[in-house]
Amino acid sequence: MKRVLTQLLNLSALVVESSLQEGSILFLSVSKKTKIAICPQCGKKSEHLHQNQNSLGKDLPMGDKEVILNVNRRRFKCKTCRKTFNEKLDFVGARKTYTHRYAENIVKQLISSNVSNVAENNGLTDEESR
Ligand SMILES: [Zn+2]
């Protein structure tokens, strides 16, 4: 089942660890496949996991289910710099609460629709979709 969900999710760097269905919402706990991260200071690889941090992000719906990703954004420690850093997640912006492809989907809808319709279709307020 997890493998199927990982394929359905189709974000190549990610593995679905677990899933939880709550009404019309599907929560997927995901983490990156790789066990290493690149230090942003010195560019060296680090395998030294410092801390696990979870953040929630809205993704494209699957069928009639809204998808919320529970992303394990790991914190690594660089042995060279002796500093900790967050791994880079390329499918979601640093301080965004939704994935890039979710945002792209909104943009596509905006082209053929007006702002308040898109906001309505996605359960967002006008403010969030700008
Ligand atoms: Zn470093």
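A residue counts as buried when its relative accessible area is under 20%, as exposed when that area is over 50%, and as partly exposed in between. With this scale in mind, the tour proceeds through a predicted model.

**First selection: Phe85.** Select Phe85, which lies in strand β7. Its relative accessible area is 6%, so Phe85 is buried. Next, display the contacts of Phe85, leaving aside residues up to four places away in sequence: Ala37, Ile38, Cys39, Pro40, Ser46, Arg74, Arg75, Phe76, Lys77 and Cys78. One of these partners, Ser46, is 39 residues from Phe85 in sequence, and the C-alpha atoms of the two are 10.0 Å apart.

**Second selection: the zinc ion.** Two of the residues touched by Phe85, Cys39 and Cys78, lead to the metal site. Select the zinc ion together with its protein donors, the SG atoms of Cys39, Cys42, Cys78 and Cys81, which lie 2.2 to 2.4 Å from the ion. The angles subtended by the four donor atoms run from 107 to 113°, and the arrangement is therefore tetrahedral. For four tetrahedral donors, the ideal angle at a metal is 109.5 degrees. Along the sequence, the donor residues follow the spacing C-x2-C-x35-C-x2-C.

**Third selection: Cys42 and Cys81.** Cys42 is found in the loop between β3 (37-38) and β4 (45-46), and Cys81 in the loop between β6 (65-78) and β7 (83-86); the pair therefore ties together parts that are 39 residues apart in sequence. Colour both residues by accessibility. Cys42 has 33% relative accessibility and so counts as partly exposed. Cys81, with a relative accessible area of 26%, is partly exposed as well.

Notes
Residues are numbered from 1 along each chain as its sequence is written. This is a predicted model: local features need pLDDT of at least 70, side-chain atom pairs count only at pLDDT 80 or more; totals for chains, interfaces and linings use all residues. Side-chain values use heavy atoms; hydrogens and water are left out. Donors are N, O and S atoms within 2.8 Å of the metal (3.2 Å for Na, K and Ca); water is not among the atoms, so sites may look incomplete. Four donors count as tetrahedral if all angles lie between 85 and 135 degrees; four count as square planar and six as octahedral if opposite donors are over 155 degrees apart and all others between 65 and 115; anything else is irregular. Helices (H or I, at least four residues) and strands (E, at least two) are DSSP runs, numbered from the N terminus. Buried means under 20% relative accessible area, exposed over 50%, partly exposed in between (1.4 Å probe, protein chains only). Contact means heavy atoms within 4.5 Å.
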